[in-house]
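Student: I'd like to learn how to read charged pairs and buried cores from a set of coordinates. Can we walk through one example together?

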Amino acid sequence: QQLPQLQAHQRAIQLSGGYIDGGALNLGGKSFTLSLWARRAESGGTQSLMAQGQAAATGLFFGFVQDQLCVTLAGRSCTAAKESDLAWHHYACQLDRASGTLSLFRDGVLVASCQGAPEYAGTGALLIGKAPWDGKTLRGQVAELAVWELARGLGGINQDRDVGPLGTEDGMVAMWARALLPDQTPGQLSGLWNFARSRQHAQFC
């Protein structure tokens with residue numbers, strides 16, 4: 001599954017040792033879905049797509065551990081089978097708080113589902129490309145990153161997987177995409193945050 005050419009070459013955000021601070025986000029006590037397109041530049045090791053919190057035992061980690069897609073929530077991990085290719089893929093993780101289920105999706109297919117998700121405090125900055133408690137950073141490209149305060153399920157994840165989120169979907173609280181506006185420097189990152197209330201830029205670090 002390849003990211004459409006427009007998104008892959010014009011809307012991808014290159015990470016080469018840095019990361020993005022997406023700002024504070026409160027996911028505590030809620031269902032949520034995180035999704036993005038990503039292409040890793042290297043395999044192996046620990047590679048964070050999105051993460052939040054001050055410690056692995058209490059925070060949120062969504063990314064790769066030794067080439068296995070993984071979501072860890074307050075110390076509880078859910079892991080998919082190993083994958084070593086470095087092509088574009090669409091990744092999503094989901095917490096359904098009502099059922100206590102953590103789920104992982106790759107290219108619109110459920111690849112792991114785990115019961116017994118713990119309660120999550122869910123506060124602090126959401127970092128893209130790095131976990132707050134770990135110095136390792138993702139090397140590769142990311143695009144169409146979005147956060148919803150609901151469990152979208154397979155249908156919702158596939159709804160905008162190939163065309164990209166618009167920012168007006170029910171339950172969306174954040175989206176980050178490369179800006180394509182004529183009054184901005186080519187390649188500048190724009191952050192669309194809390195659509196109903198404000199717009200602010202994410203910060204490269």
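Student: Let's start with one side chain: is lysine 136 buried, partly exposed or exposed?

Tutor: Keep in mind that this is a predicted model. Lysine 136 is partly exposed, because its relative accessibility is 47% and the partly exposed class runs between 20% and 50%.

Student: And which residue does lysine 136 pair with in a salt bridge?

Tutor: The general idea is that side chains of opposite charge can pair when their charged atoms come close. Here, the partner of lysine 136 is aspartate 134, with 3.6 Å from N to O. Aspartate 134 counts as buried, at 19% relative accessibility. There is also a network: Glu83, Asp85 and Arg106 are joined by salt bridges that share partners.

Student: How many salt bridges are there?

Tutor: The count is six. One of them joins glutamate 149 and lysine 30, whose closest N and O atoms are 2.9 Å apart. Glutamate 149 sits in the loop between β12 and α2, and lysine 30 in the loop between β2 and β3, so this pair ties together parts 119 residues apart in sequence. Both ends are partly exposed: glutamate 149 has a relative accessible area of 32%, and lysine 30 has 27%.

Student: What about glutamate 119, and which residue does it meet in a salt bridge?

Tutor: Glutamate 119 meets arginine 97, at 3.2 Å from N to O. This pair also links distant parts of the chain, 22 residues apart: glutamate 119 is in the loop between β10 and β11, arginine 97 in the loop between β8 and β9. Glutamate 119 is exposed at 55%, while arginine 97 is partly exposed at 41%.

Student: OK, now the inside. How many residues does the largest nonpolar core have?

Tutor: In general, nonpolar side chains in soluble globular proteins tend to be buried together. In this model, the largest nonpolar core has 37 residues, and Leu36, Leu49, Phe62, Val142 and Val147 have the most contacts inside it. Strand β3 gives the largest share of this core, with four residues.

Student: Zooming out, what does the whole chain look like in numbers?

Tutor: The secondary structure comes to two helices and 15 strands. Of the 205 residues, 53% are buried. Take the contacts between residues at least 6 apart in sequence: 64% of them join residues at least 24 apart. As for the surface, the protein exposes about 8800 Å², and carbon and sulfur atoms supply 49% of that area.

Note on methods:
Residues numbered from 1 in each chain as written. Predicted model: local features only at pLDDT ≥ 70, side-chain atom pairs only at ≥ 80, totals over all residues. Heavy atoms only, no water. Salt bridge = Lys/Arg side-chain N within 4 Å of Asp/Glu carboxyl O. Buried < 20%, exposed > 50% of the residue type's maximum accessible area, 1.4 Å probe, protein only. Core = buried A, V, L, I, M, F, W, Y, C linked by side-chain atoms within 4.5 Å. Contact = heavy atoms within 4.5 Å. Areas by Shrake-Rupley, 256 points an atom, 1.4 Å probe, with all protein chains shown as cover.
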